[in-house]
Amino acid sequence: ETLTLTLLGEVLAAGFIDGDYNGDGTVGQADLDLVLQNWGSSELPAEWLAVDQFQTALISGAELDGVLLNWGDTASSNVAIPEPTSAAGLVALGGLLGRRRCGRDARAV
């Protein structure tokens, strides 16, 4: 018998923080400076280590939002939390597996 379980959520790379463009593990002044000093540019400066976070053709509002919406976040505060539906699914799955195991153990005795 095959059981298929679909989990909803987002997996983030370890240490990834949206808005941490210089890769120092904290969203702060240095990231804001990178955005403001390069506003309107289509080329990333060498200090911009988070190449995968370059969201538009130009450094603009999307990148500024990344800094402002995540200001003060650090790598240790960026922990993925499953959505409630995923958590409920895991609890239900645990209950089903536990009940099934108990049933098999009782028959084996």
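This report describes the fold, the core and selected residues of a predicted model of one protein chain.

**Overall composition**

The protein chain has three helices and zero strands. Along the sequence the order of elements is α-α-α. Of the 109 residues in the protein chain, 23% are buried. The exposed surface of the protein chain is about 7600 Å², and carbon and sulfur atoms supply 58% of that area. When contacts between residues at least 6 apart in sequence are considered, 58% of them join residues at least 24 apart.

**The nonpolar core**

In soluble globular proteins, nonpolar side chains tend to be buried together. The largest nonpolar core in this model has 11 residues: Ile17, Tyr21, Val27, Leu32, Leu34, Val35, Trp48, Ala50, Ile59, Leu64 and Val67. Helices α1 and α2 each supply at least two residues of this core. The most is given by α1, with three residues.

**Two helices facing each other**

The buried residues of α1 are Asp31, Leu32, Leu34 and Val35. Viewed down the axis of α1, these buried residues fall within an arc of 155°, so they line one face of the helix. They pack against α2.

In α2, the buried residues are Glu63, Leu64, Gly66 and Val67. Around the axis they cover an arc of only 150°, which puts them on the same side of α2. The packing partner of the buried residues of α2 is α1.

Valine 67 illustrates the arrangement at the level of single residues. Apart from its neighbours within four places in sequence, valine 67 is in contact with Gly19, Tyr21, Val27, Gly28, Asp31, Leu32 and Val35. Among these partners, Asp31, Leu32 and Val35 are buried residues of α1.

**The aromatic pair**

A pair of aromatic rings is described by the distance of the centres and the angle of the planes. The count in this model is one aromatic pair. The ring centres of tyrosine 21 and tryptophan 48 are 4.3 Å apart and the planes are at 20°; the pair is therefore stacked, the angle being under the cut-off of 30 degrees. Tyrosine 21 is in the segment before α1 (29-37), while tryptophan 48 is in the loop between α1 and α2 (61-69), so the pair links distant parts of the chain, 27 residues apart.

Both partners are buried: tyrosine 21 has a relative accessibility of 0%, and tryptophan 48 has a relative accessible area of 2%. Tyrosine 21 and tryptophan 48 are also members of the largest nonpolar core.

**Aspartates 31 and 20**

Two buried aspartates have side chains that reach backbone nitrogens. Aspartate 31 lies in helix α1 and is buried, at 0% relative accessibility. Aspartate 20 is placed in the segment before α1 and is likewise buried, with a relative accessible area of 5%. The table lists their polar contacts with the backbone.

| Side chain | Backbone nitrogen | Distance |
|---|---|---|
| Aspartate 31 | Tyrosine 21 | 2.9 Å |
| Aspartate 31 | Asparagine 22 | 3.0 Å |
| Aspartate 20 | Glycine 23 | 3.2 Å |

Leaving out residues up to four places away in sequence, aspartate 31 touches Gly19, Asp20, Tyr21, Asn22, Asp24, Thr26 and Val67. With the same exclusion, aspartate 20 touches Gly25, Thr26, Val27, Asp31, Ala50 and Gln53. The two aspartates therefore touch each other, contact being heavy atoms within 4.5 Å. Through Val67, a buried residue of α2, aspartate 31 also has a contact with the second helix. Tyrosine 21 is thus tied both to aspartate 31, through its backbone nitrogen, and to tryptophan 48, through its ring.

**Phenylalanine 16**

Phenylalanine 16 is also in the segment before α1. Its relative accessible area is 25%, which makes it partly exposed. Phenylalanine 16 and glutamine 53 are 37 residues apart in sequence, and their C-alpha atoms are 9.9 Å apart in space. Glutamine 53 is one of the residues touched by aspartate 20.

Key:
Residues numbered from 1 in each chain as written. Predicted model: local features only at pLDDT ≥ 70, side-chain atom pairs only at ≥ 80, totals over all residues. Heavy atoms only, no water. Helix = DSSP H or I, 4+ residues; strand = E, 2+ residues; numbered from the N terminus. Buried < 20%, exposed > 50% of the residue type's maximum accessible area, 1.4 Å probe, protein only. Areas by Shrake-Rupley, 256 points an atom, 1.4 Å probe, with all protein chains shown as cover. Phe/Tyr/Trp six-rings, centres within 6.5 Å; stacked < 30°, edge-to-face > 60°. Core = buried A, V, L, I, M, F, W, Y, C linked by side-chain atoms within 4.5 Å. Polar contact = N/O pair within 3.5 Å; in protein donor to acceptor, adjacent residues only side chain to side chain. Arc of directions from axis to C-beta.
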